[in-house]
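Visitor: Hello! I am new to this one, so could you walk me through it?
Guide: Gladly; let us look at it together.

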Amino acid sequence: MTDTLADSRTSSREFSEGVPLVVDAVPRRFAAERAQLLEDPGFGRYFTDSMFVARYRAGQGWYDARLTAYAPLQMDPSAAALHYAQSIFEGLKAYAQPDGTVATFRPESNAARFARGAVRLAMPTVPEESFIAAVDALVDTDRDWVPTGADQTLYIRPYMLATEPFLGVRPAHEYQFIVIASPAGAYFPRGVHPVSVYLSEDYIRAAPGGTGDVKCAGNYAASLLAQEQAIAAGCDQVVWLDAVEKRYVEEMGGMNLFFVLGAGDDAELVTPELTGTLLPGITRDSLITVARELGHTVTERRISVDEWRSGAADGSITETFACGTAAVITPVGTVKARTGDFSIGDGEPGPLTMQLRRHLLDVQHGRVPDTHGWLHRVAPAS
Ligand SMILES: *Cc1c(COP(=O)(O)O)cnc(C)c1O
């Protein structure tokens, strides 16, 4: 059931220099249906009424930028992305603020990472201000879909894929940049619980010189079998090791990892350094800043499975957690490995894990001052 439609119009916004943002008439679901979906949105199940789409053609650049109705894409069956995975994506969130406005968190960092990914996948870049303009336009037009329940958010998924109909192997000449949005519930609606992880000793996520430091679709396709193995072993998540020596801890699924050495005010945080095979998470970067402000030493260095295991056993590693946009912070409780299982702490989420988690959520939801200018207000269209 939808409201009535108006006509398409050119908005006051631009996508990029000389490319106006056209706003199509979009059928909108009634408020009662939306309210029902927002009660328990889960993650990635429901999508807002609109989407943003811009097209690119080599020699012409970006064109036909529009907000339009959320609907299936029409694509040639030979479109390059469907065959050779020339495709990248981003993930960020919009947060309802206490003053009634809506803000995204560090969108310029997502825009910059998206541009780096485009270069790595031999795709055209979306100018950073155009990326942010597209996200803003979608969030603004569908701002009624930003949920206001405790720790609820609107998850935003920008992505780019090669749409040129051609089966030859070379960078495509045609692309689409699309932004969709999906309301997301609190990640731990019934309290935070540590996850169990499975060390992937058969499969690797990323090798030096590969694509591990960009968010390309193929990385995820290649990770699914190991994740399935983790589930079959009774674990929640897979932990990736370095491809060369299979000794150093890299990431957990699609999240970065932190280890807490010691406890109390003197606790030190260690996170795997960005060697080129890790995804440089924006949550990771934010937590490094926040932890240092709280007075903790944060070290970026390699950390081996042996160090993790012996530290967990002798109590020198007191907490381990994973972090990323979707879940913010997830404590890690137990580790399953061929070389022996072990657990960290006492099975409860650690105090520093919970303090950092609360602090970052408070910044994102506008409950404490945003001292770094991390929140980006989504202005209403004029
Ligand atoms: C997206 C992603 C992360 C987390 O990045 P954030 O910017 O914090 O959301 C970590 N690892 C992988 C593999 C990812 O794809």
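**Around the ligand and between the domains**

Visitor: How many residues surround the ligand?
Guide: Happy to start there, with the reminder that this is a predicted model. The closest residues to the ligand are Lys215, Tyr220, Glu251, Thr283 and Thr325. Counting the whole surrounding set, the number is 15.

Visitor: Which residue has a polar side-chain atom 2.5 Å from a nitrogen atom of the ligand?
Guide: Let us go through the polar partners one by one. Isoleucine 282 uses a polar backbone atom, 2.8 Å from an oxygen atom of the ligand. Threonine 283 offers a polar side-chain atom, but the ligand atom 2.6 Å away is an oxygen. The side-chain atom 2.5 Å from a ligand nitrogen belongs to glutamate 251.

Visitor: What distance separates the centres of domain 1 and domain 2?
Guide: The domain assignment gives domain 1 as 2–185 and domain 2 as 195–364. In the contact between them, 21 residues come from domain 1 and 21 residues from domain 2. Taken over C-alpha atoms, the distance between their centres is 29 Å.

Visitor: Which three residues supply 33% of the area that domain 1 buries against domain 2?
Guide: The size of an interface is often given as the accessible area lost when the parts come together. Here the two domains bury about 1800 Å² between them, with 60% of it on carbon and sulfur atoms. On the domain 1 side, the trio supplying 33%, more than any other three residues, is Phe89, Phe105 and Arg113.

Visitor: How many salt bridges are there between domain 1 and domain 2?
Guide: Side chains of opposite charge can pair when their charged atoms come close. Aspartate 151 and arginine 358 meet in a salt bridge, at 3.8 Å from N to O. Between domain 1 and domain 2, the count of salt bridges is two.

Visitor: Which element gives the largest share of the side of domain 1 that touches domain 2?
Guide: Eleven residue pairs are in polar contact between the two domains. On the domain 1 side, the elements giving two or more residues are β5 (87–89), β6 (92–96) and α3 (107–120). The largest share is six residues, and the element that gives them is α3.

Visitor: How many residues apart in sequence are the parts tied together by arginine 377 and aspartate 99?
Guide: The structure holds 24 salt bridges. One of them joins the side chains of arginine 377 and aspartate 99, 3.2 Å from N to O. Arginine 377 lies in strand β19 and aspartate 99 in the loop between β6 and β7, so the pair ties together parts whose separation in sequence is 278 residues.

Key
Residues are numbered from 1 along each chain as its sequence is written. This is a predicted model: local features need pLDDT of at least 70, side-chain atom pairs count only at pLDDT 80 or more; totals for chains, interfaces and linings use all residues. Side-chain values use heavy atoms; hydrogens and water are left out. Domain bounds come from an automatic or database domain assignment. Contact means heavy atoms within 4.5 Å. Buried area is the accessible area (1.4 Å probe) that two parts lose on being put together, summed over both. A salt bridge is a side-chain nitrogen of Lys or Arg within 4 Å of a carboxyl oxygen of Asp or Glu. A polar contact is a pair of N or O atoms within 3.5 Å; within protein, one must be able to donate a hydrogen and the other to accept it, and residues adjacent in sequence count only if both atoms are side-chain atoms. Helices (H or I, at least four residues) and strands (E, at least two) are DSSP runs, numbered from the N terminus. A residue is near a molecule or strand if one of its heavy atoms lies within 4 Å of it.
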